[in-house]
Amino acid sequence: MPAASTPSSGAASTDARRRSGDPTGPRAWKVDLRELGRRAGSMREWEKTVPALERWGLDMIAVPEGAPVQLHLRLESVMEGVLVSGEVEAPVTGQCARCLEPVEDTLELDVQELYAYEGSTTEATSGEDEVRRIEGDSIDLAPLVRDAVVLALPLSPTCTPDCAGLCVDCGERLDDLPPDHSHEVIDPRFAGLAARLADLTDSADGAQQGSGSTNTEEN
């Protein structure tokens, strides 16, 4: 009877990494609460960098999908659930609403949210969208961070606070143009009159030049 095959060391180490390594995808945003326990007052620090699951933001600015989001959180067990508080840092990219130049920045914001235990008074007396709930032995931080990011982003981002925007006539960025940049603008209602006056001026100039040449010949 042939001897049982022995797994290679490479395969064993790969399996070990899968078992002990950090989860990926949506699982990376879930926190196991079994180490925290349900004794009021117990606390746990949770610091981690996880990728954004999708594009979080508005039309002109957002946290890109897969961008590294840094979480510096404290999880505290209270009577009604688990209180999550701390800081979030996320890179944002977008477009200036005035001059359309690319915008890159780091969003830093504070978060605080109560996750209610199943069957608690808070859970029983709150609507579906009024309180976040603990799912079994874990909480999902992704919806909390996503909502905080979207609420903190500006509707009209700018590359600089005093960005002057674009020239309405030539479309160039005003901050890149000289201070005296301007265009001669004629009211469309008077465009025909302006063209007629220009023709009359050209005719008068031509007549004067012709008259001057005749006088020269006579002299």
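**Entry 1: the β6–β7 hairpin**

I opened the model at the turn between β6 and β7, where six residues connect the two strands of a hairpin. L100 sits in that turn, and I noted a positive phi of about 70° for L100. A reminder to myself: this is a predicted model, so every value in these notes is computed.

Next I followed the two strands away from the turn. They run antiparallel, and I found 15 bridges joining β6 to β7. Two pairs went into my notes: E89 of β6 has E108 of β7 as its bridge partner, and A90 faces L107 in β7. I also kept a general point at hand: along a regular strand, side chains point to one face of the sheet and then to the other in turn.

**Entry 2: the other partners of β6 and β7**

Which strand does β5 join through a hairpin of three residues? That is β6, and the loop between them holds those three residues. The two strands are antiparallel, with eight bridges between β5 and β6. Within this pairing I picked out H72, whose bridge partner in β6 is E87.

I then checked β4 against β6 and found an antiparallel pairing over two bridges. Here I61 lies opposite G94 of β6.

For β7 I looked up strand β8, which covers residues 132-133. Do β7 and β8 pair in the parallel or the antiparallel sense? They are parallel, with two bridges. One position to click on is Y115, which stands opposite R132 in β8.

**Entry 3: S85**

I stopped at S85, which belongs to strand β6. Is S85 buried or exposed? Its relative accessibility is 11%, and the cut-off for buried is under 20%, so S85 counts as buried. Setting aside neighbours within four places in sequence, I listed the contacts of S85 as H72, L73, R74, V111 and Q112.

**Entry 4: the nonpolar core**

I turned to the largest nonpolar core, which has 39 residues. Which of its members touch the most others? They are L71, L75 and L141. The elements that each supply two or more residues to this core are β2 (43-51), β4 (61-63), β5 (68-77), β6 (81-95), β7 (102-116) and α3 (142-152).

I took L71 for a closer look. Beyond its neighbours within four places in sequence, L71 contacts W29, W46, E47, K48, V50, E87, V88, L141 and V145. L141 is on that list, and L141 is also named with L71 among the core members that touch the most others.

**Entry 5: a pocket**

In general, empty space shows up when a probe the size of a water molecule is rolled over the atoms. I looked at the second largest pocket, with about 150 Å³ of space. Its lining is made of L33, R34, L36, G37, R38, V82, Y117, E118, I134, G136 and D137. Sorted by class, I have five nonpolar, two polar and four charged residues in that lining.

**Entry 6: the whole chain**

Last, I zoomed out. How many helices and strands does the protein chain have? I wrote down four helices and nine strands. Read from the N terminus, the order is α-β-β-β-β-β-β-β-α-β-β-α-α. The chain has 219 residues, and 26% of them count as buried. Among contacts with a separation of 6 or more, 55% are between residues 24 or more positions apart.

Technical notes:
Residues numbered from 1 in each chain as written. Predicted model: local features only at pLDDT ≥ 70, side-chain atom pairs only at ≥ 80, totals over all residues. Heavy atoms only, no water. Core = buried A, V, L, I, M, F, W, Y, C linked by side-chain atoms within 4.5 Å. Buried < 20%, exposed > 50% of the residue type's maximum accessible area, 1.4 Å probe, protein only. Contact = heavy atoms within 4.5 Å. 1 Å grid on protein atoms, 1.4 Å probe; cavity = no way out; pocket = protein on both sides within 12 Å on 5 of 7 lines; lining within 4 Å. Points joined across faces, edges and corners; volume = space filled by probe spheres on them. Nonpolar A, V, L, I, M, F, W, Y, C, P; charged D, E, K, R; others polar. Pairing = 2+ DSSP bridges.
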